[in-house]
Amino acid sequence: MSLLEISDLDVHYRRRTGRLHALRSASLSLSPGETVGIIGETGSGKSTLARAILGLVRPSAGKIVIDGADVAAFTPRQWRELRRRGTVQYVFQDPLRSLDPDLTIFDSLAEPLRIHGSADIPDKVHKILARVRLEQVLLDRLPGELSGGQRQRVAVARALITEPRLVLLDEPVSALDSANRVQILELLKQLRDAGTALLFISHDLGSVAGVADRIAVLYRGEIVEDRAAASVINEPAHPYTKLLVSSAPTLRSAAAGRAARSELRNLLDLEGASA
Amino acid sequence: MSILSLRDVRVSLDREIVHGVTFDLEPGGVVGIVGESGSGKTLTCRAALGILPEGFTVSGGSISLDGHDVASLSSKQWTALRGSTISAVFQDPASYLNPSLTIGSQIAEVAQVKLGLRRRALKARTLQLLDAVRLSSAVHGQYPHELSGGMLQRALIATAIAAEPKILIADEATTALDVTVQAEILDLLAELRESTGLALVVVSHDLAVVAQVCDEVLVMRAGEVVEQGPVEKILYRPDHEYTRLLIEEHESYGLERYLVTP
């Protein structure tokens with residue numbers, strides 16, 4: 001059975017200029033232990049999808065089934081109950097958003113356990129810190145006293161401490177330099193291998209490609225492709241995916257493909273105009 | 001002859017921060033500088049532009065710009081060279097554009113001040129520049145807040161090339177953009193290079209971005225050039241451990257894992 005099953009999800013935002021259709025019948029499923037990458041650029045609807053799964057926006061149609069329950073119809077009270085269980089956790093691009101600036105690292109990590117009503121809190125905090133390879137001396141510090149890479153590792157540790165079955169990661173490595181990016185990606189791989197399901201949302205195909213089993217491509221609110229990572233990258237089907245793959249800077253394709261990219265851009269502009 | 005030549009350039013605040021950078025940029029050539037924050041890549045560019053932050057000085061070596069030793073330039077002479085000989089675009093285009101002026105008037109201002117164009121010639125030149133950076137003429141009357149990040153960066157490139165400089169420095173100019181938009185801007189720079197002979201200095205934290213467009217690459221870390229050479233050498237026969245780390249990151253985690261190597 002799927003851990004997460006999204007079917008025909010529609011989300012609208014009300015804007016001064018009219019209704020904005022942020023997601024159009026998006027469907028996606030995630031099995032336990034699976035890692036799925038969602039690729040989308042500005043305006044693709046990727047953040048809306050993340051927010052809908054976390055109960056932060058209300059869909060106008062469709063289902064989001066987490067662990068057997070349709071959360072799209074949840075009341076605020078049911079949401080609080082689901083969050084308390086810690087089945088689903090999240091990591092954002094900016095760890096300052098998921099860490100309280102006034103709490104020490106120890107308290108930030110202990111908080112989900114206290115809400116959860118766990119025993120052996122200090123022991124669990126020490127273990128999780130070791131797992132993300134941070135030194136114990138950092139426990140007394142505030143988030144502002146850590147480097148960006150250390151903060152992101154704390155945010156990952158905080159997400160993992162309740163042993164969630166699903167972790168949602170929204171651009172977890174986009175703000176990091178290369179050494180820190182490698183460390184976080186390595187950590188995500190270990191998590192995946194240990195059986196945690198990951199939904200890895202990013203604008204950057206490159207960072208997702210190394211971790212995801214499957215890649216779904218979001219374009220203008222629609223999932224236009226959803227297949228094994230290698231097949232999306234080697235045989236992209238949708239013109240947008242083709243443009244995405246040929247635009248990603250790699251060490252092997254210097255300057256080639258300029259004409260092809262230009263053609264794809266023209267094609268997509270035409271598509272947009274007729275939509 | 002080189003249009004821009006750096007010889008063992010050192011930059012200091014209280015102590016030395018950039019420990020000797022040397023490269024030659026030919027007309028129409030592209031030099032890339034790769035490094036992470038704190039590597040000294042931006043200070044090196046700022047030294048070449050004569051706009052080091054308060055307190056920083058070029059404490060050693062020499063910079064020759066279009067045949068002038070920049071150490072002997074007065075601030076007036078510098079002002080004359082900036083824009084018309086050397087120009088630059090940075091990561092956050094919005095902070096270099098005036099929010100209360102139309103894009104057209106900001107491009108026109110550069111052409112007016114630097115080239116002394118008047119009215120009709122000015123308007124024609126502005127529209128020509130918008131076309132060169134693949135922006136529609138409708139953008140002429142629009143304000144910065146009406147444009148996307150990629151369009152803003154194009155508009156900023158239009159102002160940067162308005163006075164027909166021989167060198168454009170692009171310092172993390174595509175870093176904040178979506179991947180497809182980044183490719184658009186890199187394609188645009190390559191086109192400008194081909195059509196106008198513009199020489200480029202492309203600075204990025206991402207080796208792959210630099211590898212797309214450059215002939216020669218400098219890899220910088222903590223103020224030091226750890227490796228330097230033609231792009232093929234850097235990519236396929238790197239000598240330094242740090243360069244190998246940058247390549248390794250792409251090969252283990254990037255698309256390279258899947259792409260079939262030709």
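**Notebook: contacts between chains A and B and between the domains of chain B**

I began with the two domains of chain B and counted two salt bridges between domain 1 and domain 2, a salt bridge being a side-chain nitrogen of Lys or Arg within 4 Å of a carboxyl oxygen of Asp or Glu. I note that this is a predicted model, in which local features need pLDDT of at least 70 and side-chain atom pairs count only at pLDDT 80 or more, while totals for chains, interfaces and linings use all residues. Residues are numbered from 1 along each chain as its sequence is written, chains are lettered from A and ligands numbered from 1 in the order in which they are written, and side-chain values use heavy atoms, with hydrogens and water left out.

**Entry 1: domains of chain B**

I looked up the bounds, which come from an automatic or database domain assignment: domain 1 of chain B covers 4-85 + 166-257, and domain 2 covers 96-164. I found their C-alpha centres 25 Å apart.

I then examined a salt bridge of chain B, in which Arg134(B) pairs with Glu191(B) at 2.6 Å between the closest N and O atoms. Side chains of opposite charge can pair when their charged atoms come close.

For contact (heavy atoms within 4.5 Å), I recorded 18 residues of domain 1 of chain B against 14 residues of domain 2 of chain B. The buried area, meaning the accessible area (1.4 Å probe) that two parts lose on being put together, summed over both, is about 1,200 Å² between these domains, with 60% given by carbon and sulfur atoms. On the side of domain 1 of chain B, I see that Ile185(B), Leu188(B) and Leu192(B) lose the most area to domain 2, together 33% of what that side buries.

I counted five residue pairs in polar contact between the two domains of chain B (both residues at pLDDT 80 or more). A polar contact is a pair of N or O atoms within 3.5 Å; within protein, one must be able to donate a hydrogen and the other to accept it, and residues adjacent in sequence count only if both atoms are side-chain atoms.

Which elements give two or more residues to the side of domain 1 of chain B that touches domain 2 of chain B? I list helix 2 (75-81) and helix 6 (179-196) of chain B, where helices (H or I, at least four residues) and strands (E, at least two) are DSSP runs, numbered from the N terminus. Helix 6 of chain B gives the largest share of that side, seven residues.

**Entry 2: chain A against chain B**

I next turned to the chain interface, where 39 residues of chain A meet 35 residues of chain B. The area buried between chain A and chain B is about 3,300 Å², and carbon and sulfur atoms give 55% of this area. I note that Leu251(A), Arg252(A) and Arg258(A) supply 26% of the area that chain A buries against chain B, more than any other three residues.

I found five salt bridges across this interface. Arg265(A) and Glu184(B) form a salt bridge with closest N and O atoms 3.9 Å apart. I also found eight residue pairs in polar contact across the interface of chain A and chain B (both at pLDDT 80 or more). Helix 7 (178-193) and helix 11 (258-274) of chain A are among the elements that give two or more residues to the side touching chain B. Helix 7 of chain A provides the largest share, seven residues.

**Entry 3: a pair within chain A**

I searched the whole structure and obtained 26 salt bridges over all chains. Glu81(A) forms a salt bridge with Arg84(A) at 3.3 Å between the closest N and O atoms. I attribute about one helical turn of separation to this pair because Glu81(A) and Arg84(A) are three residues apart in helix 2 (residues 76-85) of chain A.
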